[in-house]
Amino acid sequence: MDPGGGGGGGGGPGPGGGDKPNLQVVYQAVQALYHDPDPSGKERASLWLGQLQRSVHAWEVSDQLLQIRQDVESCYFAAQTMKMKIQTSFYELPTDSHVSLRDSLLSHIQNLKDMSPVIVTQLALAIADLALQMASWKGCVHTLVEKYNNDVMSLPFLLEILTVLPEEVHSRSLRIGANRRTEIIEDLAFYSSTVVSLLVTCVGKAGNDEKMLIKIFRCLGSWFNLGVLDSTFMANSKLLSLLFEVLQQDKTSSNLHEAASDCVCSALYAIENVETNLPLALQLFQGVLTLETAYHMAVAREDLDKVLNYCRIFTELCETFLDKIVCTPGHGLGDLRTIELLLICAGHPQYEVVEISFNFWYRLGEHLYKTEDAVIHSIFKAYIQRLLHALARHCQLDPDHEGIPEETDDFGEFRMRVSDLVKDLIFLVGSVECFAQLYATLKEGNPPWEVTEAVLFIMASIAKSVDQENNPTLVEVLDGVVRLPESVHVAVRYTSIELVGEMSEVVDRNPHFLDAVLGFLMKGLCEKQLASVAAKAIHNICSVCRDHMAQHFSGLLEIARSLDSFMLSPEAAVGLLKGTALVLARLPLEKISACLSELCAVQVMALKKKHRADNRIVERCCRCLRFAVRCVGKGSAALLQPLVTQMVGVYQEHQHSCFLYLGSILVDEYGMEEGCRQGLLDMLQALCVPTFRLIEQPNGLQNHPDTVDDLFRLATRFIQRSPITLLRSQVVLPILQWAIAATTLDHRDANCSVMKFLRDLVHTGVANDHEEDFEARKELIGQVMTQLGQQLVNQLLHTSCFCLPPYTLPDVAEVLWEIMQVDRPTFCRWLENSLKGLPKETSGGAMQVTHKQLTDFHKQVTSAEECKQVCWALRDFTRLFR
């Protein structure tokens, strides 16, 4: 096969030029990539091979490497390159080379089947991706089964191809489009019984060959996941009884057990609509309930892998039958033995086991919250109580743990998830009752420190949801916690501080506790291990008890002055400053200006020489200044000039994007003040110069999404607060051109800011037509659209079809809608021109989009009476290109 054209093995030393590289050089590069002891040699080889993979010569070079079969490394590189080229560069091949490429790949996988499983997988993926794109290869499943099913030696790679084929149908690497995808799914559904029959035959041939059984289960799971298997047919299949047989047997190996578990989970997921899949649903339901004994055996043998597998299956069972469990608890498929299985798992000593079931418990809580049926709630109350009891036990630190609880390791993240889950489920048990019970366990016994800490942790999770009215327990808890001796374990002190922060409303209702609480928190602030959690608690107290905290403002200001002497995380430092700013806003008017100047001076000083290069500190300063400006509003006007001067000066040297964000806050607050507008425009123009320089670099937009996000937030604020100022400036066209370029950026926040800027910019031409500046705005937007309208529509359509994920489409639709409001007839013409530029066929020869689909989309958009209709049309249309 020579789809790339050109023969011979000679050529230049590198793939960057026009010549095909010498195979010997490719071998040397592959060897260097895997075996060069010098990291820089590996790096050079990796870059060179990456260039080769992107070149058109990669097709032929890979084909030759696979024919020669010199070693595992070169064959793996070649197989991976083939897969990558088919996924991303299939358009490089002429249509008449597709058949020879297919035959070549099938020949390679047969010849290399015994070399290495990873090579077989890469080649199987290449063949699957080719089949999905190659419109002329009809009934590929039938072809492959006919060709290989009678050769026992070929069955492993045949199963590998049949496993990855359904998986690749929804692959994001392949943009085969909705038309082709529908055609493929229908084709695979038609041949699904052929595949199941093949798998049954393979079971007969496999005997006790464990590797073969694993392949069979993986393949079956893949077809379940695609949702094309007939559930009545599968309910009676011997494959199903074999799965449960394997899972019931104590002697089943770990790998086979995992494959069987994955397959059962896929089957349960596939029948989410239970009523339409009733025969299979019943078989799976009964089958899973038989696994309880096997679970206990795995626990007895301390086989954690199997325990985790069983818990996954039990959880998937509960997820699938959730509606039945909630609507008909204890009856039929709502049998509560399903939940009992999960509570048995919650009793396992390893927290990783119970964690698997969290999503089910969240969903159960959500469903029960919506039902508002007291009888149903009472049925589940006892189950939730047992769960909470188990979770409190799982949250205990090891008795020999030293220091504070870690929040960023796996166990710390588990505890955070427990906290979230408890908050979601507490309504079923009653927060007042639960809080009192937890406190009673501390009061009545003398539990070890790790039990105390875990109970306090759960109490902190629910403290905010406990009813404050006439609740002596809350006051008693607060009093007990702030009196804790410093000699208790530091983890207990840490969690106690968290609890006090969560009880800020109790403090607000009982201000006589405030001094004792602040004293308790200040002790924590002065200790390195407790400083950040104490700062967070002080922020909470400031937020809720603002009026009571006004008398302590001087103390807060003192803390702000010496912030760097406390060992605080950036988040905690910002929280403290936010808290200070909140209290500042409650001071008498005559004091605000002086106190604000002092608080901001602390921050502006940090922007001087010492810290201006430290992104962490600059970010903190900007967030504090932003918060102070927000809290005090127009009262901070005196700071505007020195602050802008300082910002612009530092930004010329260090492009911290937070300055752009702070700029947007200043525009928001002062943009409507006539006297401030020119100064703010000068600020924008000064900030744009280094910003444009930064994003003009290669991959500048991709490498600096925060800068893009903050730049267009600033530009949007200008459009909202002082549109004429921006529209008459020199900077508006470059900003708009960068916005059009940035529409392709696949970054949630940055893209959202870009689209909001474009939407608000265009909207300015039609908004508030009763205002005196309307005609000027309308004319200026008209000029902008005449200049860049067609380019903008082209880009928005292209980026929706080929660049952006579906969640961004509502934002794109809003921009298109606004353009249409400005001048619908012109927009109709622009959209028609853009649609003419789209490809009508895929590179594999399949129909990408029909003429009718193009005209339907044009009509749906241009006749839309609401923005959401544009969004629906765009969502359906872009599926044709995904």
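1. Let's start with Leu 174, in this predicted model. Leu 174 sits in the loop between H8 and H9. Is Leu 174 buried or exposed? Its relative accessible area is 2%, and buried means under 20%, so Leu 174 counts as buried. Setting aside neighbours within four places in sequence, Leu 174 is in contact with Ile 86, Gln 87, Asp 129, Leu 132, Gln 133, Glu 168, Arg 181 and Arg 882. You can also use Leu 174 as a ruler: its C-alpha atom is 55 Å from that of Ala 585, a residue 411 places away along the chain.

2. Now step back and look at the whole chain. How many helices and strands are there? The chain has 47 helices and zero strands. Its C-alpha atoms fill a box of roughly 90 × 75 × 60 Å along the principal axes. Of the 882 residues, 54% are buried. Among contacts with a separation of 6 or more, 73% join residues 24 or more positions apart.

3. Next comes the nonpolar interior. The largest nonpolar core has 221 residues, and Ile 216 and Trp 361 have the most contacts inside it. Which helix gives the most to this core? That is helix H6 (residues 117-133), with 11 residues. Apart from this core lies another, of 91 residues, which includes Ala 178, Leu 838, Leu 854 and Phe 857. Try finding Ile 216 in the viewer: not counting residues up to four places away in sequence, Ile 216 touches Leu 159, Leu 199, Cys 202, Val 203, Ala 206 and Leu 239.

4. Helix H3 (residues 58-68) is a good place to see a covered helix, with nine of its 11 residues buried. The buried ones are Ala 58, Trp 59, Glu 60, Val 61, Ser 62, Asp 63, Gln 64, Leu 65 and Leu 66. What covers these buried residues of H3? The cover includes helix H1 (23-35), helix H2 (39-54), helix H4 (72-88), helix H5 (98-111) and H6.

5. Just after H3 there is a backbone detail to check. Most residues other than glycine have a negative phi. Arg 69 is not a glycine, yet its phi is positive, at about 55°. Arg 69 lies in the loop between H3 and H4, and it counts as partly exposed because its relative accessibility is 38%. Glu 302 also has a positive phi, near 55°, without being a glycine. You will find Glu 302 in the loop between helix H15 (292-300) and helix H16 (304-320). With a relative accessibility of 73%, Glu 302 counts as exposed.

6. Helix H39 (residues 705-721) lets you test a simple rule. At 1.5 Å a residue, its 17 residues should span 24 Å, and the C-alpha atoms at its ends are 24 Å apart, so the two values agree. H39 is also mostly covered, with 12 of its 17 residues buried. Among those buried residues are Pro 705, Val 708, Leu 711, Phe 712, Leu 714, Phe 718 and Ile 719. The charged-looking names on the list are worth a glance too: Asp 709 and Asp 710 are buried as well.

7. Let's turn to the largest pocket, which holds about 730 Å³ of space. It is lined by 32 residues, and the closest to its centre are Glu 407, Tyr 494, Glu 498, Val 533 and Lys 536. Helices H22 (410-429), H24 (449-462), H26 (490-502), H29 (531-544) and H32 (570-584) each supply at least two lining residues. The largest share, six residues, comes from H29. By class, the lining has 11 nonpolar, 10 polar and 11 charged residues.

8. The second largest pocket has a volume of about 610 Å³. Which of its 21 lining residues lie nearest its centre? They are Lys 113, Pro 117, Pro 156, Lys 211 and Lys 215. H6, helix H8 (155-168), helix H9 (177-206) and helix H10 (210-226) each supply at least two residues of this lining. H10 gives the largest share, with five residues. The lining of this second pocket divides into 11 nonpolar, two polar and eight charged residues.

Definitions and conventions:
Residues are numbered from 1 along each chain as its sequence is written. This is a predicted model: local features need pLDDT of at least 70, side-chain atom pairs count only at pLDDT 80 or more; totals for chains, interfaces and linings use all residues. Side-chain values use heavy atoms; hydrogens and water are left out. A nonpolar core is a set of buried Ala, Val, Leu, Ile, Met, Phe, Trp, Tyr and Cys residues joined through side-chain atoms within 4.5 Å. Buried means under 20% relative accessible area, exposed over 50%, partly exposed in between (1.4 Å probe, protein chains only). Helices (H or I, at least four residues) and strands (E, at least two) are DSSP runs, numbered from the N terminus. Contact means heavy atoms within 4.5 Å. On a 1 Å grid over the protein atoms alone, a cavity is a set of points where a 1.4 Å probe fits but cannot get out, and a pocket is an open set with protein on both sides within 12 Å along at least five of seven lines; lining residues have an atom within 4 Å of a point. Grid points are joined across faces, edges and corners, and a volume is the space filled by probe spheres set on the points. Ala, Val, Leu, Ile, Met, Phe, Trp, Tyr, Cys and Pro count as nonpolar, Asp, Glu, Lys and Arg as charged, and the others, Gly among them, as polar. The expected span of a helix is 1.5 Å times one less than its number of residues.
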